[in-house]
Amino acid sequence: MLLAFAAPFTAHAAEKMEVYDSYANKNSNVQLYSVSQVEGNQFINAVIARQPDGTYSKWPEAFQHFRKYDSGNLQLTGMDDPEQAYVYDTQSQSIMRKSEYAISPDGRWGYLERSRYGWQPGDVPGRGYTAKFNDQYLRNTVTGKVSVYHSTQQYYNARWMNQHMLLENGYNEAAKQNVISTYDPSTGTRQELLKGTLNNLNLSKGLLQYVKNEPKRLPWIYNLKDGSSRLVKDTRELEALFPAPPSSRPEVSFPKDMALMDLPVTDMPITLTYEHNLNLDGKSVDVSTVFTKGGQEWIPVKPLAAALGWKIEVMNLSATGDPSAAYIYKITNGSKDTVLTPVNSFNSASRLYITPAQIKELGYKSIQVTPYLK
């Protein structure tokens, strides 16, 4: 629904509106556009909606752009922070806070990548650097369990091929070069296909276009069916086998002088979803995620602290005895407490995660983690 206020269009000529993506709901006939516009010295991004009667409105300022997922939903934010990950669900026509996994063709697994920053010690004691890590998550849709199956500071990319097989491409630390491989999450097995960098693919034909790890960077074609490779004949063959996707920027004619800053704001309903429920000595708390990494289970601190009345105290870094420590938090529950540092906790997108053993240090005896299955 529209809010009660509506500002008139500006009297002066508005700048041209750039369209980055669009979505049309066939049931409601509402059209959504991810756009931008220069207004004076301001560069404005917005999601605008065109109603069936031809009127326009914009979404709240918190949601300024979108891009389409393969699922048909619209990504509104990044996925690095599960507490602030939002998508537009095209079925319910509402905004949902949830982690949008890329689901395997057989529906058994979900894949998601998140980035985080962590302190890495240097060669000299007390010195180091902040490194960016790319963590790859897998969710078993049958059990609901989530795990980090791969983590790297190097380039890495993965996508589903068939059933539940991931096609991977990235830098292999052991081989000291880029490698293209497959990974089966049901067995945890990885198979190297070839050494090189993946440039394009045509899964309907079972073909990969890649370059070898050599200076010439000639275009090669790999056949997934028989494992053979050959050089590309010419540009015409390359374009025929790997056609460019259609442009995601549609040509749209908006009303003359329409200014983003003057559009009325649409009140969008937001639904909070949760992957897991925790029961601590009979007290139930829903959380956005629980996952394992290296066999260790990690649980977000903030929702537990908010629901159970824990006190979170930022302590002096010198108390760690390690000048390179990035943080030290003291979590208190009544007379019980535990101290979290980079050594014994997990931190991603400024979200702190705790282990079940540390929760027990806060006085809890029973900890039950139950995934929500869809």
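This passage describes the strands, aromatic pairs and selected side-chain contacts of a predicted model.

An open sheet is formed by eight strands, which follow the order S9-S10-S11-S12-S24-S25-S30-S29 with mixed pairing. Strand S9 (102–103) and strand S29 (346–348) occupy the edges; each has a single partner strand, so one side of each is left without a neighbour in the sheet. Within the sheet, strand S10 (residues 109–121) pairs with strand S11 (residues 128–140) in the antiparallel sense, over 13 bridges. Pro121 has Gly128 as its bridge partner in S11. Helix H2 (residues 301–308) packs on the sheet, where it touches strand S25 (296–300) and strand S30 (351–354). The direction of helix H2 makes about 50° with that of S25.

Aromatic side chains form 12 pairs in the model. One of these pairs, Tyr56 and Phe254, is edge-to-face, with 5.8 Å centre to centre and 70° between the planes. Tyr56 belongs to strand S4 (residues 56–58), whereas Phe254 lies in the loop between helix H1 (235–241) and strand S21 (270–272); the pair thereby links distant parts of the chain, 198 residues apart. Both Tyr56 and Phe254 are buried. The rings of Trp59 and Tyr88 have centres 5.1 Å apart and planes at 45°; the pair is therefore tilted, since an angle under 30 degrees would count as stacked and one over 60 as edge-to-face. Because Trp59 lies in the loop between S4 and strand S5 (67–68) and Tyr88 in strand S7 (residues 86–89), this pair ties together parts that are 29 residues apart in sequence. Trp59 and Tyr88 are both buried. In addition, one aromatic cluster is formed by Tyr137, Phe291, Trp298, Phe346 and Tyr353.

Charged side chains also lie over aromatic rings. Arg116 is placed over the face of Phe133, at 4.5 Å from the ring centre, and Lys212 over the face of Trp220, at 3.8 Å from the ring centre.

Glu168 is located in strand S14 (residues 166–172). Its relative accessibility is 2%, and Glu168 therefore counts as buried, the limit being under 20%. The side chain of Glu168 makes a polar contact of 2.4 Å with that of Tyr156 and another of 2.7 Å with that of Arg190. Residues touched by Glu168 also include Tyr149, Val179 and Tyr183.

Tyr20, in strand S1 (residues 18–24), is partly exposed, with a relative accessible area of 27%. The side chains of Tyr20 and Ser36 are joined by a polar contact of 2.6 Å. Tyr20 and Tyr222 are 202 residues apart along the chain, and their C-alpha atoms are separated by 33 Å.

Methods:
Residues are numbered from 1 along each chain as its sequence is written. This is a predicted model: local features need pLDDT of at least 70, side-chain atom pairs count only at pLDDT 80 or more; totals for chains, interfaces and linings use all residues. Side-chain values use heavy atoms; hydrogens and water are left out. Helices (H or I, at least four residues) and strands (E, at least two) are DSSP runs, numbered from the N terminus. Buried means under 20% relative accessible area, exposed over 50%, partly exposed in between (1.4 Å probe, protein chains only). A polar contact is a pair of N or O atoms within 3.5 Å; within protein, one must be able to donate a hydrogen and the other to accept it, and residues adjacent in sequence count only if both atoms are side-chain atoms. Contact means heavy atoms within 4.5 Å. Two strands pair if DSSP finds at least two bridges between them. Axes are lines fitted to C-alpha atoms, for helices over the stretch in contact, and angles run from 0 to 180 degrees between N-to-C directions. Rings of Phe, Tyr and Trp (its six-membered ring) pair if their centres lie within 6.5 Å; planes under 30 degrees apart count as stacked, over 60 as edge-to-face and the rest as tilted. A charge sits over a ring if NZ of Lys or CZ of Arg is within 6 Å of the ring centre and within 35 degrees of the ring normal. Lists of a residue's contacts leave out its neighbours within four places in sequence.
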